[in-house]
Amino acid sequence: MQTKHILSAFVAAYLIATSTVLADQAADEATIRANAAKYVELYNRRDSKSMATMWSPDAVYIDDETGERAIGHDAIAKQLDYEFAGAEDAKLTIQIDSVDFVSPNVAVEKGTAEVAYGKLPTEKSEYTAVHVRRDGKWF
C-alpha cells in the first residue's frame, strides 16, 4: 500500500514538472518567434546594426553562397551592409516551420525565407537558426 502512495506521489511530481517545462517552452517559443518577427522588420528597414545585436556576441554568420564567416556583432553588421548594397527594394518574409528545444537554453528554428525584389524574381530558401539563451535573453 505504501509503495502505491510513493508511486502516486512520484507520478504527480513528474506531471507537475513536465507541465512547468512545457509552459516555460511555450513562453520561450513565443519569445523566439517575436524575435524572428523583429529581425524581419529590421531587415526590411536595412538596420544592420540592430540586426547584429540580435545575434549572440560571439555568433558566427555563414554566407550560404560563399561559405565566408562573419564573427561577432561588428563583422555581422558589416556583412549585412554588404548584402543590402544594391538591394534597397528587397523585402524579407519568413515562415517558421518549427522551433525545437535541444536543451532549456538552446533552440533550433527552421523555416522558409523569401526575399522579394522590385523587378527581379523572388528568392526562396530554407533556413536554420540556432538560438541560445544567455543571462535570460534569447539570441
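Two strands count as paired if DSSP finds at least two bridges between them. That rule matters at the end of this chain, where 2 bridges join S5 to S6. The model described here is predicted.

Start with the overall layout. The protein chain holds 3 helices and 6 strands. Read from the N terminus, the elements run α-α-β-β-α-β-β-β-β. The chain has 139 residues, and 30% of them count as buried. Its accessible surface is about 9,400 Å². Carbon and sulfur atoms account for 57% of that area. Consider contacts between residues at least 6 apart in sequence: 45% of these join residues at least 24 apart.

Now take the sheet. It is open and built from 4 strands, in the order S3-S4-S5-S6, with antiparallel pairing. S3 and S6 stand at the edges with a single partner strand each, so one side of each has no neighbour in the sheet.

Follow the pairs in order. S3 (91-103) and S4 (106-116) are antiparallel and share 11 bridges. Within this pair, Ile96 stands opposite Gly111 in S4. The next pair, S4 and S5, is also antiparallel, over 10 bridges. Here Val115 faces Glu123 in S5 across the pairing. A hairpin makes the link from S4 to S5, using 6 residues.

The last pair is S5 and S6, again running antiparallel. Arg133 stands opposite Trp138 in S6. The hairpin of these strands has 2 residues between them. In that hairpin, Asp135 takes a positive phi near 50°.

Side chains deserve a word before leaving the sheet. In a regular strand they alternate between the two faces of the sheet.

Next comes the largest pocket. Its volume is about 1,600 Å³. There are 44 lining residues, and the closest to the pocket centre are Tyr39, Trp55, Tyr61, Ile62 and Tyr127. By class, the lining divides into 26 nonpolar, 8 polar and 10 charged residues.

Which elements supply at least two residues each to this lining? Two helices do so: H1 (2-45) and H3 (73-84). Strand S1 (60-62) joins them, as do S3, S4, S5 (123-134) and S6 (137-138). S5 gives the most, with 10 residues. The sheet strands S3, S4, S5 and S6 therefore appear both in the antiparallel sheet and among the contributors to the pocket lining.

Two residues show how separate parts of the chain meet. The first is Met54, in the loop between helix H2 (48-53) and S1. What does Met54 touch, leaving out residues up to four places away in sequence? Its partners are Asn35, Lys38, Tyr39, Leu42 and Phe139. Tyr39 is also one of the residues closest to the centre of the largest pocket. Phe139 lies 85 residues from Met54 along the chain, yet their C-alpha atoms are separated by 5.5 Å.

The second is Gln79, in helix H3. Is Gln79 buried or exposed? Buried means under 20% relative accessible area. Gln79 has 12%, so this residue is buried. Setting aside residues up to four places away in sequence, Gln79 touches Tyr61, Asp63, Glu68 and Ala70. Among these partners, Tyr61 is another of the residues closest to the pocket centre.

Key:
Residues are numbered from 1 along each chain as its sequence is written. This is a predicted model: local features need pLDDT of at least 70, side-chain atom pairs count only at pLDDT 80 or more; totals for chains, interfaces and linings use all residues. Side-chain values use heavy atoms; hydrogens and water are left out. On a 1 Å grid over the protein atoms alone, a cavity is a set of points where a 1.4 Å probe fits but cannot get out, and a pocket is an open set with protein on both sides within 12 Å along at least five of seven lines; lining residues have an atom within 4 Å of a point. Grid points are joined across faces, edges and corners, and a volume is the space filled by probe spheres set on the points. Ala, Val, Leu, Ile, Met, Phe, Trp, Tyr, Cys and Pro count as nonpolar, Asp, Glu, Lys and Arg as charged, and the others, Gly among them, as polar. Buried means under 20% relative accessible area, exposed over 50%, partly exposed in between (1.4 Å probe, protein chains only). Contact means heavy atoms within 4.5 Å. Accessible areas come from the Shrake-Rupley method with a 1.4 Å probe; for residues, only the protein chains shown count as cover.
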